Amino acid sequence: MKKNNSKKKSSVQEIKTISGKRRLNKKQRKAVKYKEKDILVLAGAGAGKTLTIIARAVYLIRNGVDAKRILLLTFTRRAAKEMVDRLTLNIGDNAKKVTAGTFHHFCLRTMRQMPKRFGLKGFTVIDRDDQIDLIKLVRGDYLKKKSKLPRAAELANLYSYARNTNTGILKYLKKFSEYDKATSKHIRNVIKAYEKRKRNNHYLDFDDLLQRFGKRLKKDKTLRKRISRLYDHILVDEMQDTNPLQWSILEELRNPAKLYCVGDDAQSIYAFRGADFENVHSFKDRIPASAILRLKYNYRSTQRILDLANWLLEQSPIDYDKRLKAVRGVGIKPKLIDFNSDFDEAEWITQDLWKRYESGSPWKDHMILTRTAWASRTLEAFLIERDIPYKFIGGFSLLQAAHVKDLFILIRSAASHHDELAWIRYLTLWPKIGDVTAAKLISIMKEKNTIKKALKEIAVNLTREQQKIVAGPKTVIKYWDKPAKAIRASARLLTPLLSQRYDKWKQRQKDFQLLVKLAKRYRSLNKFIDTFTLDPITTASAKRMEDEDVVTLITVHSAKGTEAPVCYLIRVEPGMYPYVRSIGDEDAEEEERRILYVAMTRAKDELLITRSCNENTNTLRPGGSRPPYFLADLPSNLVKQKY
DNA sequence: AAGCTCTGCTTTTTT
DNA sequence: AGCAGAGCTT
């Protein structure tokens, strides 16, 4: 198979990357070739976490491990895809045999393969928006009982957080929230009602994917054996972002397979999702026989950039024990540039981008990092106006656009007449039908055991003009195995309705053509729906292909694991770092520091920090006291400041 | 009683 | 841009 000159097994010295070959250093090689059972590789930003995880897989496969027996778990879909691409670069098509994906993806896949073993029959995966919609429905019932309740989105957050940390909801509320006892109980009741409704509809929300999987494996020893025996090696990326629920899944999977985890506690920025860097700190306590290896050298950035990042972490009360050392040399000092408004800021950035482009650097060498999707709106408008090609990553996805959701909901309603959420939304699209009528029709449909009978039954209850309502799902059913056709037909049917409902219709309609194009890749609508629920494609990234020469506009959270020669951090203002909503909560504020740290350490050669400190940002707190701000006491020698 | 429309308010991060 | 709630129309 693979030729080996020496008798020794092949060892990995070099790994191919998009930008060329990378030689592993001694420590990295040690990690990659680790023979004993479980290992945790702790590495600072840019120290080659991804590189070593790829190298590990390559090494294993070259030394005879069947690629099928490697499970590679990542945190985001993007990371999974990148890993597979990089693996392919090194070992070719064998890479496709590796099971790679997010925790959610892996759990869903396995449960779809053997639903009965997990106590499931047909089920629909619902995303966060659906979850909120369903909570809204039950929340409405409880609101009548005349006491206050948090909003649906807040309820979803509380519930999700409690589950991801394996905590009961009441216990969680007592510990981490300000709600009094009565409200807490009220909240619990709403959640119980939500769970019941969810069961009746055969829905699984994102957390169910993990929880159901983990629980079943724990209970059913035969099942645990069956699944855990499929893998010899489990590679886990971004270990610091795993939460207790995910850890419990790893516990079930990890024997006899060996664990190889990489992480960095200074980059833990998903606490809001229950991420717990105890999974990193307590690794050795949980698995006493394990090894921990630290990688110190930074291969990404130049030292001036790291000096600033190091300074930021040193300001923290937490000792991260992470002084990043650049291998690449001193480099250019980061720039800090002040503007009067976000308009001036956006204008300057677009000008700077053009200047760089015209002097020969491609668009794709530039990344713009934003704390929130919303905060980059001004800049986005400027990018469009000044004809700078860009893609947006993070924030809103294509599926979240109202009109796309409407179309999806039609397809889902055709999939099952028990899908309450889909039917409510679909029916209320039509004139003269509000939630009351919709609820009536849905209860009529519930009685029937096939969708065809259900459709017939509601047709009887509709006026002549309203017969079109049933035509929608009927058409979709007809084209079930031809997703592109089904979507085209649905779009045609909905257009008269939707064009009235939404302005800028022409722009929105383009998304439908995009969907048709995407749907062509799928053989049936089932797969299409699943994929889109779990991996929502963002509008901008769907429109542009991966390697196109475009500027990347990205939320810091999505940017983890990526890099670019030139990085702009925009709106680095008081109220943004730390973000206003985190102010007052010590842990949350500290997480904000790590977010800024992640942002800074994305830059390879140049880091440009921009901000506009106007009246708005200075009056964030009533009484005029200044909010905490990470760059408040920035030593002037660390950056080159401009006005 | 059900549906519709207008207005003002808020706007994190992701699977 | 989307949501909740008030008030208006059918």
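**Helix packing and two parallel sheets in chain A**

Helix 18 and helix 19, the latter covering residues 435-446, pack with their axes 9 Å apart and at an angle of about 130 degrees. That angle makes helix 18 oblique to helix 19, since angles over 145 degrees would count as roughly antiparallel and those from 65 to 115 as roughly perpendicular. The crossing of this pair is right-handed. On the side of helix 18, the residues in contact are Glu420, Trp423, Ile424, Leu427 and Thr428, and they meet Asp435, Ala438, Leu441 and Ile442 of helix 19. The model described here is predicted.

Helix 18 also packs against helix 17. Helix 17 is formed by residues 402-415 and helix 18 by residues 420-428; their axes lie 8 Å apart, at an angle of about 125 degrees. Helix 17 and helix 18 are therefore oblique to each other. Here the crossing is left-handed, whereas helix 18 and helix 19 cross in the right-handed sense. Ile409, Leu410, Arg412 and Ser413 of helix 17 are in contact with Ala422, Trp423, Arg425 and Tyr426 of helix 18. Trp423 thus appears in the contact with helix 17 and again in the contact with helix 19.

A further helix pair is found earlier in the chain. Helix 9 (residues 206-219) packs on helix 11 (residues 244-253) with an angle of about 35 degrees between them and 9 Å between their axes. The crossing of helix 9 and helix 11 is left-handed. Helix 9 contributes Leu210, Gln211, Phe213, Gly214, Leu217 and Lys218 to the contact, and helix 11 contributes Leu245, Gln246, Ser248, Ile249 and Glu252.

The strands can be taken next. One open sheet consists of six strands in the order 5-4-8-9-3-10, paired in parallel. Its edges are strand 5 (99-102) and strand 10 (291-295), each of which pairs on one side only. Averaged over the sheet, and with direction ignored, neighbouring strands are turned by 15 degrees against each other. Within this sheet, strand 4 (residues 70-74) runs parallel to strand 8 (residues 233-236), and four bridges join the two. Leu72 stands opposite Leu235 of strand 8.

Another open sheet has seven strands, ordered 15-16-14-17-18-13-19, and its pairing is parallel as well. Strand 15 (390-393) and strand 19 (640-642) occupy the edges with a single partner strand each, so one side of each has no neighbour in the sheet. From one strand to the next the twist averages 20 degrees. Strand 17 (residues 564-569) and strand 18 (residues 603-612) run parallel and are joined by five bridges. Val566 is placed opposite Glu606 in strand 18.

These elements belong to a chain with 28 helices and 19 strands in total. The radius of gyration of chain A is 26 Å, close to the 26 Å given by the globule rule for 643 residues, so the chain is as compact as a globular protein of that length. The C-alpha trace spans about 75 × 65 × 55 Å along its principal axes. Of the 643 residues, 41% count as buried. Among contacts between residues at least 6 apart in sequence, 76% join residues at least 24 apart.

Terms used: Residues numbered from 1 in each chain as written. Chains lettered and ligands numbered in written order. Predicted model: local features only at pLDDT ≥ 70, side-chain atom pairs only at ≥ 80, totals over all residues. Rg over C-alpha atoms; globule rule 2.2 N^0.38 Å. Buried ≥ 20, exposed ≤ 12 C-beta atoms within 10 Å, placed from the backbone. Contact = placed C-beta atoms within 7 Å. Pairing = 2+ DSSP bridges. Axes fitted to C-alpha atoms, helices over the stretch in contact; angles between N-to-C directions. Parallel < 35°, antiparallel > 145°, perpendicular 65-115°, else oblique. Left-handed = near helix turned anticlockwise from the far one by under 90°.
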